[in-house]
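Welcome, and thanks for taking a look at this one with me. Here is a short note to read alongside the structure.

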Amino acid sequence: MLSAFSALSACRRGAARLAAATLVSGLVAAGGVATAGTAVADETPQSPGGATATLGDLKTYGSAVIHDHGEDSWVSAGLFEMSVDDGGTLQTYCIDLHNPTQRDARYQETSWSGTSLSGNKDAGRIRWILRNSYPQVNDLTALAEKAGVGGLTEQDAAAGTQVAIWRYSDGADVDAADPKAEKLADYLQRNARDLPEPDASLTLTPAAVSGHPGERLGPVTVHTDADGVTVAPPADTAASGVKVVDGHGKPVTSAADGSRLFFDIPKDSADGSASLTVQASTSVPVGRAFASDSRSQTQILAGSSESTVSATATVDWAAKGAIPALTAEKNCADGGVDITAVNKGDEAFTFELMGVEHTIAAGAAQTMTVPLQEDQAYDFTISGPSGFAKRFKGVLDCRTQGGASDITTQTVGEPSPASIGGSGSGGSDLAKTGGSGATPVIAGVAIALVLVGGAAVLFVRRKQTPEQGPAQD
């Protein structure tokens with residue numbers, strides 16, 4: 001055991017928790033309809049869907065020692081718990097060691113491409129660790145035998161698993177303080193092999209469609225691991241007449257993975273828009289990433305109860321002129337945010353983004369990458385004809401280290417040392433995972449959007465989606 005250590009300051013959240021609500025059975029779609037003449041910008045989702053949750057405290061943990069530039073820092077290492085909106089509980093490990101957690105931070109299920117796992121050649125090994133260790137493997141006797149140790153407590157198992165993950169997610173030189181937890185970490189690191197990224201719990205693709213009234217607009221395809229789904233039409237259908245139908249025009253009351261949904265817009269409808277939110281009750285796949293736009297450390301899923309998940313799609317229609325559909329997605333590989341514009345109208349769609357004018361021809365589509373600096377907040381609106389406006393906002397958080405000195409930070413309350421006790425083990429004054437003695441809690445405040453190199457440059461390209469292979473053990 002080390003004779004001296006530096007204690008990291010903890011970034012604690014409030015004790016308030018969301019109570020688990022009654023789980024939604026199946027999938028329900030609901031939405032609203034509005035005229036396009038409004039000047040208010042709709043905030044466009046930048047996640048394809050899934051679980052949205054609030055971060056809780058570390059629940060099961062031990063202690064670990066980080067070796068960095070000749071200094072040893074002791075931290076708590078283990079499982080966080082998250083409360084899912086509208087019901088459910090998630091267990092997560094940290095994959096962003098050098099960032100702090102924020103109290104009551106809001107998280108959204110997201111793809112690896114929008115997190116620090118993008119470009120990490122060992123990301124698949126992290127998923128193997130999750131599937132072959134605690135809490136997925138809750139037979140601690142069997143796990144201890146595989147690791148070659150005499151016995152494991154839940155705290156040892158959680159700490160050893162987190163340490164093994166940090167070695168791959170952050171490239172950290174880190175050891176578990178307990179010898180049994182350290183042996184487990186070594187076993188997991190040594191045996192981990194590459195697994196593909198898991199599918200999302202629920203998505204709708206594409207997340208935005210457009211076209212002329214009198215047509216069936218879509219399709220919007222459902223991707224989910226829920227057994228069965230039910231679908232409800234958008235709200236205010238009595239006034240708008242907008243329906244959700246299948247490819248034959250039949251109103252949809254049930255759907256499943258792979259179902260194709262369409263918006264049926266009455267021919268005499270005034271120019272307008274509608275949104276469709278789908279919900280399901282399912283277990284979120286192990287290995288899904290969870291990111292926060294408040295710069296709270298990125299998490300990866302280790303376990304899920306039956307939880308409520310959701311996704312949103314929008315539709316815009318007009319009788320003539322440009323009819324755009326816009327979506328946004330973080331792109332960590334290219335260091336920015338992808339804006340995809342599809343124009344289903346009969347005239348070109350011209351808009352200004354970051355001081356640069358763009359034109360999407362009738363019937364065409366383009367994906368533009370807005371370059372951003374690491375940790376940079378962004379908030380911009382794209383406007384179009386007849387009051388069309390879509391707003392995109394968030395924070396680019398793609399790396400496990402660096403960039404913190406380049407953004408505005410704000411300390412929310414005074415950090416308190418986390419004394420190990422209860423379910424934890426180890427010494428005192430240990431930090432919650434990812435804390436830093438020199439790093440204040442970073443608030444989700446708006447930051448002026450500064451273009452890379454001061455130039456308004458966009459990269460226009462055709463977006464490609466790699467195929468995913470089947471899950472393996």
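The points below start with confidence and then go through a few parts in turn.

1. Please keep in mind that this is a predicted model. The mean pLDDT of the protein is 78, and 74% of its residues reach 70 or more. Two stretches call for caution. Over residues 1-40 the pLDDT stays under 50, although the model has 133 contacts beyond four places in sequence for them. Residues 402-472 also stay under 50, and here the model has 172 such contacts.

2. A good place to begin is the open sheet, in which four strands are ordered β10-β12-β16-β14 with antiparallel pairing. The edges are held by β10 (202-205) and β14 (243-245); each has a single partner strand, so one side of each has no neighbour in the sheet. From one strand to the next, the twist averages 30°.

3. You can follow this sheet pair by pair. Four bridges link β10 with β12 (residues 216-224), and L204 has V222 of β12 as its bridge partner. Moving on, β12 pairs with β16 (residues 260-264), again over four bridges, with T221 opposite R260. Three bridges then join β14 to β16, where K243 stands opposite D264.

4. Where do the nonpolar residues gather? The largest nonpolar core has 45 residues, and Y93, I129, L130, W166 and L184 have the most contacts inside it. Helix α3 (residues 154-169) gives the largest share of this core, with eight residues. Apart from it lies another core, of 39 residues, including A51, A226, F263 and A313. As background, nonpolar side chains in soluble globular proteins tend to be buried together.

5. L184 deserves a look of its own. Beyond its neighbours within four places in sequence, L184 is in contact with S133, L143, A147, L152, D156, A157, G160 and T161.

6. Is helix α1 (residues 123-131) largely enclosed or largely open? Seven of its nine residues are buried, so α1 is largely enclosed by the rest of the structure. The buried ones are A123, G124, I126, R127, W128, I129 and L130. Among the elements that cover them are β7 (89-94), α3, α4 (179-191) and β19 (299-304). Two of these buried residues, I129 and L130, already appeared among those with the most contacts in the largest core.

7. Next comes a hairpin. Strand β21 (residues 324-331) is mostly covered, with seven of its eight residues buried. Eight bridges connect β21 to the antiparallel strand β22 (residues 336-343), and L326 finds its bridge partner in A341 of β22. Four residues lie between the two strands, and G335 takes a positive phi near 65° in this hairpin.

8. Finally, how buried is T369? This residue sits in strand β25 (residues 365-371), and its relative accessible area is 1%, which is under the 20% cut-off for buried. The side chains of T369 and D338 are joined by a polar contact of 2.7 Å. T369 also lies 6.0 Å from G336, C-alpha to C-alpha, with the two residues 33 apart in sequence. Both D338 and G336 fall within β22 (residues 336-343), the hairpin strand of the previous point.

Definitions and conventions
Residues numbered from 1 in each chain as written. Predicted model: local features only at pLDDT ≥ 70, side-chain atom pairs only at ≥ 80, totals over all residues. Heavy atoms only, no water. Pairing = 2+ DSSP bridges. Axes fitted to C-alpha atoms, helices over the stretch in contact; angles between N-to-C directions. Core = buried A, V, L, I, M, F, W, Y, C linked by side-chain atoms within 4.5 Å. Buried < 20%, exposed > 50% of the residue type's maximum accessible area, 1.4 Å probe, protein only. Contact = heavy atoms within 4.5 Å. Polar contact = N/O pair within 3.5 Å; in protein donor to acceptor, adjacent residues only side chain to side chain. pLDDT = per-residue confidence, 0-100.
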